[in-house]
Amino acid sequence: VAITTRLLVSHLSGIRHYEKDITKVKEEKEKANRAFKLSKPYQDKEQKEKEGKGIEKTDCVKPRKEQEGEVKSRNSKPGRRDKEFEQEEYYLKEKFESVIESLKIFKNDPLFFKPGDQFLYSTYGFTLLSAVVERVSGQKFTDYMLKMFRDLDMLSTVLDDNEAMIYNRARCYVYNKKGRLVNAPYVDNSYKWAGGGFLSSVGDLLKFGNALLYSYQAGQFKNTNSKLLPGYLKPDTVAMMWTPVPKTEVSWDRDGKYAMAWAVVEKKQQYGCCRQQRHYASHTGGAVGASSVLLILPEELDSEAIDTGLVAPPRGVIVSIICNMQSVSLNSTALKIAREFDKEKRAQ
């Protein structure tokens, strides 16, 4: 078989994640699909009710099922039901000198499926991707990335190195089996720098989001008399990164598809005065003792603003959340925050 970098970046390679047993992976997928199918008839019924009445439900008139879900979520403690963190490889303590060396963890394991046939989120797929960067660039992946972070002015983004003195490094927490809050166990993330091995700050993630949004929109502004500096990436490159890839799925937003290292929801509206999907790109992060999200909601620019150069990129809302607690679901919270700020901007 052939595994391309595009398959790796969209999690279509067939390389395993932390779970080594393909039977268990299939069982978990089937459970998730069954849960989605059970909730869909309720959603369809609610949609028909909206269409019949010709009104749009407001946030204060939430379905009973949703209200119950929110109450349950508020009363339950985060990080206690995530089976993924039961995998032993999350807690590796071995230090690897290069990402190519860390390939030994999974390089002899069988593929779960023929590359390109199915979607399976894989941290190790990104480890292999970082090894490609290391081999092609001729330098250590970590050195390559730290230079990139410097270019982006992300000076607080560093390797999650246990030995290094890192000022303002936060402590991370988990719930133990008795439901008590404890310090997260010691781990060494040198086996997966690309898939969860960097420490950052909310401010740095916002800079990263702005750089991507600027790059994405820079090519749309026509009448700027060459005053705009080029983006860090070409507009077509970001557009490609944010184009949904067939056969992919996103666990944290059923409306979304996976693109290239980003989850993407496309702009969509099927019926008048009914539910709308706004275009946005996001990604969540989960590590031992920590959770995060970065969400980019581009502004819907009208042709007059673009042609006259009355506004300049980046235009939109970027939400960054970092939480020093394991298994906290943050994407829906980030999306609600982004929509509120977007609503405020449009009202102005």
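This note comments on helix 5 and on the cysteines of a predicted model.

1. Helix 5 covers residues 123–137, a run of 15 residues, and from its first C-alpha to its last it reaches 21 Å, which is close to the 21 Å expected at 1.5 Å a residue.

2. At the start of this helix, a side-chain oxygen of Ser 122 comes to within 3.4 Å of the backbone nitrogen of Tyr 124, and Tyr 124 is itself among the buried residues of helix 5. At the other end, the helix is followed by Gly 138, whose phi is positive, near 75°.

3. The buried residues of helix 5 are Thr 123, Tyr 124, Gly 125, Phe 126, Thr 127, Leu 129, Ser 130, Ala 131 and Glu 134. Their packing partners are helix 1 (5–9), helix 4 (99–102) and helix 6 (141–151).

4. Turning to the cysteines, the count of disulfides comes to zero, where a pair of cysteine sulfur atoms would have to lie within 2.5 Å to be counted. Cys 273 is in no disulfide, since the nearest cysteine sulfur, that of Cys 274, is 6.9 Å away. With a relative accessibility of 62%, Cys 273 counts as exposed.

5. Why is Cys 172 not bonded to the closest cysteine sulfur? The sulfur of Cys 172 lies 9.3 Å from that closest one, which belongs to Cys 323, and this is too far for a bond. Cys 172 has a relative accessible area of 26% and is therefore classed as partly exposed, a class that lies between the buried limit of under 20% and the exposed limit of over 50%.

Technical notes:
Residues are numbered from 1 along each chain as its sequence is written. This is a predicted model: local features need pLDDT of at least 70, side-chain atom pairs count only at pLDDT 80 or more; totals for chains, interfaces and linings use all residues. Side-chain values use heavy atoms; hydrogens and water are left out. Helices (H or I, at least four residues) and strands (E, at least two) are DSSP runs, numbered from the N terminus. The expected span of a helix is 1.5 Å times one less than its number of residues. Buried means under 20% relative accessible area, exposed over 50%, partly exposed in between (1.4 Å probe, protein chains only). Contact means heavy atoms within 4.5 Å. A polar contact is a pair of N or O atoms within 3.5 Å; within protein, one must be able to donate a hydrogen and the other to accept it, and residues adjacent in sequence count only if both atoms are side-chain atoms.
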